[in-house]
Amino acid sequence: MDYAPRTMLEMSAALLVFLMAAGSGLMLFQNGASLNRHAYVNGQAQDRSLHQTYTPISGDGSVSGAEVLQAIARLDDGDAEMVVDGVRFAPPLEREQLSSAGIRLTGRYRPAYERDASGHLQRLLLRSLP
């Protein structure tokens, strides 16, 4: 066989293998994207009625000042606002506000919850105990 036809056949075979690999890769990518989309939709449809509370399981129901400060530091945009001894903390919160918050780390605070008609937490009120 001459050099030109042999080269043409080799290049045709290489092109065919490349196209098959590119097509397989595209199908795998689309399948993965579809599975991710399906998992995200199913995750959103799950019951998310369990929420973190700031009340300990046992004890007198009070929380320490350190726990209050940590809860304030973890506030995200979707969270309810917190009011500690009349000082309001609402997301988004700047870290500089925490140093001047006036929260006694060794003190104890009693939580009170304000909820809307559907039961979603709107505001967490924390009052210091004497």
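Ser-64 is found in strand 1, and this residue makes a convenient doorway into the structure, which is a predicted model. At 16% relative accessibility, Ser-64 counts as buried, because buried means under 20% relative accessible area. If its neighbours within four places in sequence are left aside, Ser-64 is in contact with Gly-107, Arg-108 and Tyr-109. Two of these names already point to strand 4, for strand 1 (residues 63-64) and strand 4 (residues 108-115) run antiparallel and are joined by two bridges. The residue just before the serine, Val-63, has Tyr-109 in strand 4 as its bridge partner.

From this starting point we can step back to the whole chain. It has three helices and five strands, and, read along the sequence, these elements follow the pattern α-β-α-β-β-α-β-β. Of the 130 residues of the chain, 22% count as buried. Among the contacts with a separation of 6 or more, 47% are between residues 24 or more positions apart. The chain exposes about 10,100 Å², and carbon and sulfur atoms supply 58% of that area.

The five strands form an open sheet with the order 1-4-5-2-3 and mixed pairing. Strand 1 and strand 3 stand at the edges of this sheet, and each has a single partner strand, so one side of each is left without a neighbour in the sheet. In general, strands of a sheet pair through backbone hydrogen bonds, either parallel or antiparallel.

Moving inward from strand 1, we come through strand 4 to strand 5 (residues 121-128), and these two pair in the antiparallel sense over seven bridges. Arg-115, for example, has Leu-121 in strand 5 as its bridge partner. The hairpin of strand 4 and strand 5 has five residues between the strands, and there Gly-119 takes a positive phi near 95°.

Towards the other edge, strand 2 and strand 3 run antiparallel and are joined by three bridges, with Val-87 in strand 3 as the bridge partner of Val-84. The loop between strand 2 (81-84) and strand 3 (87-89) holds Asp-85, which has a positive phi of about 50° although it is not a glycine. This deserves a second look, because most residues other than glycine have a negative phi. Asp-85 is partly exposed, with a relative accessible area of 42%.

What, then, is packed together in the interior? The largest nonpolar core has 14 residues, of which Val-68, Ile-72, Met-82, Val-84, Tyr-109 and Leu-126 touch the most other members. Helix 2 (65-73), strand 2 and strand 5 are the elements that give two or more residues to this core, and the largest share, three residues, comes from helix 2. Val-68 gives a view of how distant parts of the sequence meet, since, leaving aside its neighbours within four places, it is in contact with Val-63, Met-82, Val-84, Ile-103, Tyr-109 and Leu-126. In soluble globular proteins, nonpolar side chains tend to be buried together.

The surface offers a contrasting case in helix 1 (residues 3-45), where Phe-18 is found. At 54% relative accessibility, Phe-18 counts as exposed, because the term applies to values over 50%. Together with Leu-15 and Leu-19, Phe-18 forms a nonpolar patch on the surface, and the three residues have about 330 Å² of accessible area together.

How values were computed. Residues numbered from 1 in each chain as written. Predicted model: local features only at pLDDT ≥ 70, side-chain atom pairs only at ≥ 80, totals over all residues. Heavy atoms only, no water. Pairing = 2+ DSSP bridges. Helix = DSSP H or I, 4+ residues; strand = E, 2+ residues; numbered from the N terminus. Patch = residues over 30% accessible without salt bridge, like charges linked within 9 Å, V, L, I, M, F, W, Y side chains within 5 Å. Areas by Shrake-Rupley, 256 points an atom, 1.4 Å probe, with all protein chains shown as cover. Salt bridge = Lys/Arg side-chain N within 4 Å of Asp/Glu carboxyl O. Buried < 20%, exposed > 50% of the residue type's maximum accessible area, 1.4 Å probe, protein only. Contact = heavy atoms within 4.5 Å. Core = buried A, V, L, I, M, F, W, Y, C linked by side-chain atoms within 4.5 Å.
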